[in-house]
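Hi,

Here is the structure I said I would pass on. Have a look at it first, and then read on for what turned up.

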Amino acid sequence: MGKNKKRIHYAWWILVALCIIVGLGKGGLNNSAGLFLSPITKDLGIGMGSLSLYFSVSAVVTMVFLPIGGKMMAKYDTRLLLTIAIVLQAGAFAMFGLMKSVWGWYLFAIPLAVGGVFITVIAGPVLINQWFKKSNGLALGILSAAGGLLGAIAQPIVGSLIAGHGWRSSYIIVGIAVIIIVVPIIMLLINKSPQDKGVLPFGMGETNQSGPVNEGETSEKGVELKVAKKSSAFYALIVFFFLITSIASFSMHIPTYLMNKGFDVTFAGNVMGTYMIGVLIGSLIIGFLTDRIGSKKTAVFAMTVGLVAICLLLFSGTSTGIISLAVVLFGFISSSIGTLGPALASSLFGNKEYSQIYSTASLGLAVASILALPAYGYVYDFTGTYTPVLYAIIFMLITNIICVIVAFRGKKKMEQDGLWN
């Protein structure tokens with residue numbers, strides 16, 4: 001027993017693998033996509049609007065495929081699924097380097113999105129939920145923080161590649177490099193469940209050290225998808241996902257908001273650096289608090305921090321210190337997508353059909369990705385200011401607090417009806 005205590009639990013190796021896989025899928029591929037737009041439009045004479053439309057194609061495919069992906073994660077071998085997924089995602093990314101018409105981006109946006117559903121949306125929360133019965137929130141926070149850190153490292157590297165080798169070669173180099181790095185990690189480290197490895201989930205053994213593990217302790221508890229779909233908790237969670245993603249999407253407009261207030265592009269760029277610090281710190285703090293005080297109280301806390309951030313932005317005037325603080329705090333909201341969302345799904349519905357429930361509830365996330373960004377842009381175009389958007393975000397944050405309360409009341413009703421077991 002003393003020997004086992006000294007060994008690193010395999011759950012932490014799963015987390016290391018996920019940090020690299022998800023970090024490269026998000027930071028190396030998805031988040032670097034914007035760096036290619038300008039050189040492509042100049043080289044091929046494609047309009048920026050026409051080219052960036054492939055992001056919408058990708059978002060629609062993600063929305064359609066999310067429920068299917070959740071069922072596949074529950075049914076098929078995780079290693080095989082993730083290997084195929086990264087080949088689809090990174091392979092499509094590499095294929096962009098061979099395209100001569102905008103239709104190529106529209107076409108390869110489909111496999112890019114299908115692979116991305118597994119790599120960037122489902123794999124992390126599902127595997128962490130399987131492997132961590134203790135420190136689940138911290139693990140999600142570390143995953144979210146690592147993804148942001150790898151993204152911060154990848155951006156300048158990809159930018160240098162484009163500057164030195166051109167956008168075509170850079171697409172191919174980055175896509176192939178991600179496949180070469182990620183596939184061996186999947187094969188060597190990823191296991192779907194602790195049972196496959198012959199161990200208990202991290203933290204579960206602490207509750208039963210006096211004798212053999214009984215089957216009831218390791219069985220999956222919670223509700224089935226068909227039960228979840230009939231509960232108020234499920235729809236409150238979908239709304240929460242939609243609103244939190246819509247709120248976080250405003251980060252893309254922060255530089256324009258600041259320049260509209262009279263600040264220069266250098267200050268706006270520096271502030272976005274502080275925003276990334278907020279995302280990193282927020283991921284860890286929210287993950288830690290989720291374990292300590294539960295996902296419900298942490299969600300209310302995070303939304304309250306968001307309210308403070310938006311009020312500071314609204315009434316900061318030209319104070320650079322207050323603006324910087326507001327943007328750091330706003331980073332906490334962005335980090336909530338990867339930490340609070342999965343933690344709330346686990347708290348509300350358990351493990352029984354977690355991958356199906358989480359992926360279906362994530363439809364709110366996908367819909368927000370399609371609608372929120374252009375909506376904020378149109379508001380600015382029509383009014384010449386982001387002030388109405390900031391007041392709308394305050395309303396959304398308050399609504400999310402209500403959604404959390406409604407969701408946990410819905411869970412209590414499922415428990416009283418004997419459906420949560």
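Start with the place where helix α11 (residues 232-248) meets α15. On the α11 side, the residues that touch α15 are Ala233, Phe234, Leu237, Phe240, Phe241, Ile244, Thr245, Ile247 and Ala248. Across from them, α15 brings in Phe330, Ile333, Ser334, Ser336, Ile337, Leu340, Gly341, Leu344, Ala345, Leu348 and Phe349. Sorted by kind, the residues of this contact come to 16 nonpolar and 4 polar, with no charged ones. I should say right away that this is a predicted model, so please read everything here in that light.

How do the two helices lie against each other? Their axes come within 9 Å and cross at roughly 165 degrees. Anything over 145 degrees counts as roughly antiparallel, and therefore α11 and α15 get that label. Their crossing is left-handed.

α15 (residues 320-349) has another partner, helix α7 (residues 136-189). Here the axes are 9 Å apart, and the packing angle is about 155 degrees. That angle makes α7 roughly antiparallel to α15 as well. The crossing of α7 past α15 is right-handed, though. As for who touches whom, α7 offers Leu140, Gly141 and Ser144, while α15 answers with Ser335, Gly338, Thr339, Pro342 and Ala343. This contact splits into 3 nonpolar and 5 polar residues, again with no charged ones.

One residue to click on while you are there is Ser283, which sits in helix α13 (residues 265-293). Is Ser283 buried or exposed? Its relative accessibility is 0%, and buried means under 20%, so Ser283 counts as buried. Apart from its neighbours within four places in sequence, Ser283 is in contact with Gly141, Ser144, Ala145, Ser335 and Thr339. You will recognise Gly141 and Ser144 from the α7 side of the contact with α15, and Ser335 and Thr339 from the α15 side.

Last, the nonpolar interior. The largest nonpolar core has 136 residues, and those with the most contacts inside it are Tyr54, Trp105, Phe250 and Phe349. Which helix gives the largest share of this core? That would be α6 (residues 102-131), with 18 residues. If you want to see how one of these core residues is surrounded, pick Trp105. Leaving out neighbours within four places in sequence, Trp105 is in contact with Ile40, Leu44, Ile46, Leu51, Tyr54, Phe96, Met99, Trp167 and Tyr171. Phe349 brings you back to the start, since Phe349 is among the α15 residues that meet α11.

Cheers

Notes:
Residues are numbered from 1 along each chain as its sequence is written. This is a predicted model: local features need pLDDT of at least 70, side-chain atom pairs count only at pLDDT 80 or more; totals for chains, interfaces and linings use all residues. Side-chain values use heavy atoms; hydrogens and water are left out. A nonpolar core is a set of buried Ala, Val, Leu, Ile, Met, Phe, Trp, Tyr and Cys residues joined through side-chain atoms within 4.5 Å. Buried means under 20% relative accessible area, exposed over 50%, partly exposed in between (1.4 Å probe, protein chains only). Helices (H or I, at least four residues) and strands (E, at least two) are DSSP runs, numbered from the N terminus. Contact means heavy atoms within 4.5 Å. Axes are lines fitted to C-alpha atoms, for helices over the stretch in contact, and angles run from 0 to 180 degrees between N-to-C directions. Angles under 35 degrees count as roughly parallel, over 145 as roughly antiparallel, 65 to 115 as roughly perpendicular and the rest as oblique. A crossing is left-handed if the near helix is turned anticlockwise from the far one by less than a right angle, and right-handed if clockwise. Ala, Val, Leu, Ile, Met, Phe, Trp, Tyr, Cys and Pro count as nonpolar, Asp, Glu, Lys and Arg as charged, and the others, Gly among them, as polar.
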